[in-house]
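Reader: I am new to this structure, and I would like to learn how to read it feature by feature. Could you take me through it slowly, with the general idea before each case?

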Amino acid sequence: MIELGQLEKRHEEFSKRNVRIVAISNDDRETAGKTQADFPNLLIVSDAEQNLARAVEVIHPGAAQDGGDTNAPTTILLNNAGYVRWVFRPDSVMTRIAPDRLLAAIDENIHNK
Amino acid sequence: MEHPSTPPRRWPLFLLGVLFVLSGVAGYVVAVSLARLDHMPWYLPGLATVGVLLMAASAWQRPGVLRFVGLGFFVLLCATEWLFVGVLFKTPAYQGPAVPGSKLPAFTATLADGRPFSNADVKGSQATLLIFFRGRW
């Protein structure tokens with residue numbers, strides 16, 4: 001959630017680069033609605049059935065607070081044709097990618113700067 | 001006339017050790033509050049280890065029940081920090097199908113407002129940054 005707060009604060013820098021931010025967790029719709037209200041400039045996805053997480057293989061078994069499966073923190077950058085351009089996963093759940101690094105990855109992989 | 005001998009002044013090693021351990025915890029709290037979490041907080045168990053060594057030196061110099069109990073507590077705390085930072089909080093390397101140059105596999109999910117969201121929705125006028133996170137705890 002810290003990461004989402006940072007992205008919300010700097011959403012205009014992503015908009016300027018013509019990039020939308022979609023945040024996905026396996027929260028149910030009600031919980032995802034609360035997250036959406038907290039971060040109105042991000043697009044929040046409720047992936048309660050983990051269809052998306054399974055398709056992209058980002059499930060971290062047993063890592064949820066209750067011992068269940070949850071998403072391993074993972075960031076995937078897609079261009080507007082839907083092709084993957086960059087993938088990042090931190091080596092620990094204690095770390096988060098900084099917005100500056102994301103913006104640099106967008107400039108490098110989408111805008112070829 | 002002889003002066004009564006005074007014991008040599010010693011560094012308060014145990015207290016210093018406690019301060020080292022607490023400074024690591026305080027550093028992490030500050031990092032979280034400033035949202036500066038882009039690096040692994042190795043300083044957390046690292047400072048705890050230095051602190052425990054100082055406490056062990058103190059207990060060696062001036063043995064006492066309280067010192068040994070305190071040392072035992074901080075050794076456990078230090079070991080727990082190493083366990084969490086070095087093992088339990090590690091994430092597996094990504095080995096899924098989303099590799100640069102590929103398209104995402106087909107999927108369906110739901111936006112928070114109830115609208116559907118699928119692989120067809122990642123194409124359009126904008127690039128998309130998918131952020132998978134651990135959910136609202």
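**Reading chain B and its partner**

Author: Let us begin with a helix: in H2(B), the residues B:Leu44, B:Pro45, B:Leu47, B:Ala48, B:Gly51, B:Val52, B:Leu54, B:Met55, B:Ser58 and B:Ala59 are buried, where buried means that 20 or more other C-beta atoms, placed from the backbone, lie within 10 Å of the residue's own (exposed is 12 or fewer, partly exposed in between). Please keep in mind that this is a predicted model, in which local features need pLDDT of at least 70 and side-chain atom pairs count only at pLDDT 80 or more, while totals for chains, interfaces and linings use all residues. Residues are numbered from 1 along each chain as its sequence is written, and chains are lettered from A and ligands numbered from 1 in the order in which they are written.

Reader: How should I read the spacing of buried residues along a helix, and what do those of H2(B) pack against?

Author: An α-helix has 3.6 residues a turn, so residues three or four places apart point the same way. The buried residues of H2(B) pack against helix H1 (13-33) and helix H3 (65-88) of chain B, with contact taken as C-beta atoms, placed from the backbone, within 7 Å. Helices (H or I, at least four residues) and strands (E, at least two) are DSSP runs, numbered from the N terminus.

Reader: What span does helix H2 of chain B reach?

Author: The expected span is 1.5 Å times one less than the number of residues. Helix H2 (residues 43-61) of chain B, with 19 residues, reaches 27 Å from its first C-alpha to its last, close to the 27 Å expected.

Reader: In what order do the elements of chain B run, and how spread out is the chain?

Author: Chain B holds three helices and three strands, which run α-α-α-β-β-β from the N terminus on. Its radius of gyration, taken over C-alpha atoms, is 26 Å, well over the 14 Å that the globule rule (2.2 Å times the number of residues to the power 0.38) gives for 137 residues, so chain B is more spread out than a compact globule. Along its principal axes, the C-alpha trace of chain B spans about 95 × 30 × 25 Å.

Reader: In what order do the strands of the sheet lie?

Author: Two strands pair if DSSP finds at least two bridges between them. Here seven strands from the two chains form an open sheet with mixed pairing, in the order S6(A)-S5(A)-S3(B)-S1(A)-S2(A)-S1(B)-S2(B). Strand S6 (84-88) of chain A and strand S2 (116-118) of chain B stand at the edges with a single partner strand each, so one side of each is left without a neighbour in the sheet.

Reader: Which strands join the two chains, and in what sense do they run?

Author: Strand S2 (residues 43-46) of chain A runs antiparallel to strand S1 (residues 108-111) of chain B, joined by two bridges, and A:Val45 stands opposite B:Leu111. Strand S1 (residues 19-25) of chain A pairs with S3(B) in the parallel sense over six bridges, with A:Ile21 opposite B:Leu129.

Reader: How many residues of each chain are in contact with the other?

Author: The contacts involve 48 residues of chain B and 68 residues of chain A. On the side of chain B that touches chain A, S3(B) gives the most, with six residues.

Key. Contact = placed C-beta atoms within 7 Å.
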